[in-house]
Amino acid sequence: MTRQMTGAKMVVEALIEQGVDTVFGYPGGAVLPIYDEIFQQNHIEHILVRHEQGAVHAAEGYARATGKPGVVLVTSGPGATNAVTGLTDALMDSIPIVVLTGQVPTFMIGSDAFQEADTVGITRPCTKMNWLVKETDHLASTIHEAFHISTKGRPGPVLVDIPKDVQFATGDYVEKPRAKTDHYQPRIKGDVETITALVEAIEQAERPVFYTGGGVINSGPAASGLLRELVDQTGFPITSTLMGLGAYPASGEKWLGMLGMHGLYEANLAMHGCDLMINIGARFDDRITGRIADFSPNSLKAHVDIDPSSINKVIHADFPIIGDVGHVLEDILRIWKARGSKTNKGAVKNWWGQIADWRAINCLSFKNSEKTIKPQYALQRLEALTKDHDRYITTEVGQHQMWAAQYLGFEDPNRWMTSGGLGTMGYGTPASIGVQVAHRDALVINVAGEASWLMNMQEMGTAVQYRLPVKQFIMNNERLGMVRQWQELLHGERYSHSWSEALPDFVKLAEAFGCKGIKCDNPDDLDEAIKEMLAYDGPVIFDCLVEKHENCFPMIPSGKAHNEMLLGEADTQGVIDAKGSVLV
Amino acid sequence: MSPLKIDKGSSSHSAYDLRSHMSDAIETHTLAVLVQNEAGVLARVIGLFSGRGYNIESLTVAEVDHQGHRSRITIVTSGTPQVIHQIKMQLDRMVPVHEVHDLTVEGPHVSRELALFKVQGKGDHRVEALRTAEIFRANVVDSTLESFVFEITGTPEKIEAFADLMRPLGLLEVARTGVAAISRGT
């Protein structure tokens, strides 16, 4: 027997059936019936953000910290268009989120009604799938389908656009088991023949390297466990993309550190010099590969990805394996063990000798200062003082983000949320709120730059309202640091609009929001200031005034190969030669 | 060339590698895409092509299974082998796409297009147009004292050839459906 209810009630009912406990949202005319239903129940907590972009990033943070889909509810028109950046961010980083938008009533669609926008048209390229629901009878099944598609296969954002008359009208509620899902069942088991061929290559490889990415995290904690087992049992070195940090512990002895444009010297040179590259859940992004023609020229490459379109998109794969990382890792381990757990031990030992030489370069060393706080030093201290906490880190985008990836250590998956693919400044503050909502007692720190942080600082209002003790660790160099770095190295030191001449007083700003502000500009005071931040039971805005002209190294200049990386200021001379100075 | 005299392909100044990695020859492929016939599905497919910079040389779409709500989209596209491969992969992972067939590689197939030609002329031109139409097995579907509308079906090449012959005979307008294609045999 079917249950009859209004569309608005169906929304809440379907969310409860999907196990949703939190919705991030902002009300408006076209979603008032749904907000009325939210008011009359106690199963789902609604977090009122200050801007719809904040709602989507908060849902992303929630999703990445829990592995569950994040849910957003916003109104039509500007509510939906403000969500677009977050949707694109989630699409690029494969984060499961379900966004529900209000829409003008069906009979007014196309009339340029108040707060009308072609939401499904606008969001079609930035969602995995979206729907405009025109009949109340279809609403519940569409929401269930949305959750299915968002979370199955390569995760991603989905959007359901719900006209106001559909919310008011009464229809049949379709329960989750009866909703249409069988048309979308992505393949999760990898091809055994190819996996066996890869195992043979693993047995023979002289210079192997694991190159892992966000796919390991998305596959769930079990996949990280299997990855650790495989790495530790084969004894092969492992590096990871920005998205994959934490899948293998930073303290693990096989860990080379992050690779890519600002990755570690040993990680990038291992990628360049390897004879077997095992890509697990990464996608050969341009920040990783550098110049394609010279990318790891002498290696066989395996690529494990759940999305068939990722394989052979950028780099030819010798062992293409379509499947879920967890399932494929299980098969690799099973087959490798059944064949006797063999590796080319002697050669791999020599390979580690080579890696030790690269490590000895100590590429993350930097010249510290007694007068000013170096950003690297700030992060080293933050790491030392927080690593034993139940800690989650979010970031904004820029130099601070790369330094955080270099100097903070991640021991577990789902502890690191950063905007990788889209590079969204303004991501970190709302993401930290989403993480803190999911883990109320954990230490959640947003490592930020002051410019990024200002982009979504309104969300401090949300943090204060819901007593979310997020720590905003702003490394303030009064510059758009990464833009400034590129202008210095590649544009003749012409610093076009890369600094702000009018920054707020962050301590007063904190007080205005009703939270705590801390300012620190002396390396000697830094530890005490960080401890004060950690001890405060509430949101903190920490204004850490750092060296203004520090550059982020190592760096592979765009279009260069992995073995052409710059290690420090001295190396930058070669970048801007006579020909380069014409360019810059 | 940009104002900075940066060679196309140089990328030391840019975040992106601008050079083309594959210099492979451009191939033309005919794809048959079976999709769920739902609102926006065509926009989704076309958006993929425009958003990722792929070519569409011809596109036809119509519902082919009313009860199953299936539509068939026939796309003629061109690109390097790597691009064609990407197009197929990207189409295949779209949620409302059920099947993608590359008819060009899957075996022999039949491609047909329908076109309407409006030809204006008197005297010898009119007679010649009619005679040529007969050779091409085109039907006259409209006639006035000074014009014909011919209906012709065939491969795109045949239609091109017919257009070439009609042009000097007073060709006014052409309407083409685009290619529909299906594999030979079972």
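**Exercise 1. The bridge partner of Phe24(A)**

Identify the bridge partner of Phe24(A) in S4(A), and place the strand pair in its sheet.

*Solution.*
Step 1. In this predicted model, Phe24(A) has Val72(A) of S4(A) as its bridge partner.
Step 2. The strands concerned are S2 (residues 22-25) and S4 (residues 70-74) of chain A, which pair in the parallel sense over two bridges.
Step 3. The pair belongs to an open sheet of six strands in chain A, with parallel pairing and the order S3-S2-S4-S5-S7-S6. Strands S3 (45-48) and S6 (129-132) of chain A stand at its edges; each has a single partner strand, so one side of each lacks a neighbour in the sheet.
Step 4. On average, and with direction ignored, neighbouring strands of this sheet are turned by 20 degrees against each other.
Step 5. Helix H3 (residues 52-66) of chain A packs on the sheet and touches S2, S3, S4 and S5 (97-103) of that chain. The direction of H3(A) makes about 165 degrees with that of S4(A).

**Exercise 2. The nonpolar cores**

Determine which residues of the largest nonpolar core touch the most other members, and which element gives the core its largest share.

*Solution.*
Step 1. The largest nonpolar core has 172 residues, and Ala59(A), Val72(A) and Leu227(A) touch the most other members.
Step 2. H3(A) contributes seven residues, the largest share of this core.
Step 3. A second, separate core holds 17 residues, among them Val33(B), Ile87(B), Leu91(B) and Met94(B).
Step 4. When neighbours within four places in sequence are left aside, the contacts of Leu227(A) are Thr212(A), Val216(A), Ala247(A), Tyr248(A), Ile280(A) and Leu329(A).
Step 5. As a general background, nonpolar side chains tend to be buried together in soluble globular proteins.

**Exercise 3. Helix H11(A) and its packing**

Decide whether Ser224(A) is buried or exposed, and describe how H11(A) crosses H14(A).

*Solution.*
Step 1. Ser224(A) is placed in helix H11 (residues 221-234) of chain A.
Step 2. Burial requires 20 or more other C-beta atoms within 10 Å. Ser224(A) has 24 and is therefore buried.
Step 3. Apart from neighbours within four places in sequence, Ser224(A) is in contact with Val216(A), Ala247(A) and Pro413(A).
Step 4. The axes of H11(A) and helix H14 (residues 325-338) of chain A come within 9 Å and cross at roughly 30 degrees. Angles under 35 degrees count as roughly parallel, so H11(A) is roughly parallel to H14(A).
Step 5. The crossing of these two helices is left-handed.
Step 6. From H11(A), the contact involves Ala222(A), Ala223(A), Leu226(A), Leu227(A), Glu229(A) and Leu230(A). From H14(A), it involves Val325(A), Gly326(A), Leu329(A), Glu330(A), Ile332(A) and Leu333(A).

**Exercise 4. Enclosed elements**

Establish how many residues are buried in H1(A), in S3(B) and in H18(A).

*Solution.*
Step 1. Helix H1 (residues 7-17) of chain A has nine buried residues of eleven, so the rest of the structure largely encloses it. Among the buried residues are Gly7(A), Lys9(A) and Glu13(A). Gly19(A), which follows H1(A), has a positive phi near 80 degrees.
Step 2. In strand S3 (residues 70-79) of chain B, seven of ten residues are buried, so this strand too is largely enclosed by the rest of the structure.
Step 3. S3(B) pairs in the antiparallel sense with S1 (residues 27-36) of chain B over ten bridges, and with S2 (residues 58-65) of chain B over seven bridges, again antiparallel. Val76(B) of S3(B) stands opposite Thr30(B) and also opposite Ser58(B).
Step 4. The hairpin of S2(B) and S3(B) has four residues between the strands, and His69(B) takes a positive phi near 55 degrees there.
Step 5. Helix H18 (residues 428-438) of chain A is mostly covered, with eleven of its eleven residues buried.

**Exercise 5. Backbone features in loops**

State where Ser341(A) and Arg467(A) lie, and whether each is buried or exposed.

*Solution.*
Step 1. Ser341(A) lies in the loop between H14 and helix H15 (345-360) of chain A. Its phi is positive, near 50 degrees.
Step 2. Ser341(A) has 11 other C-beta atoms within 10 Å and is exposed.
Step 3. Arg467(A) lies in the loop between helix H20 (460-465) and strand S18 (471-476) of chain A. Phi of Arg467(A) is positive, near 50 degrees.
Step 4. A residue with 12 or fewer such neighbours is exposed; Arg467(A) has 12 inside 10 Å and therefore counts as exposed.

Technical notes: Residues numbered from 1 in each chain as written. Chains lettered and ligands numbered in written order. Predicted model: local features only at pLDDT ≥ 70, side-chain atom pairs only at ≥ 80, totals over all residues. Pairing = 2+ DSSP bridges. Axes fitted to C-alpha atoms, helices over the stretch in contact; angles between N-to-C directions. Contact = placed C-beta atoms within 7 Å. Core = buried A, V, L, I, M, F, W, Y, C linked by C-beta atoms within 7 Å. Parallel < 35°, antiparallel > 145°, perpendicular 65-115°, else oblique. Left-handed = near helix turned anticlockwise from the far one by under 90°.
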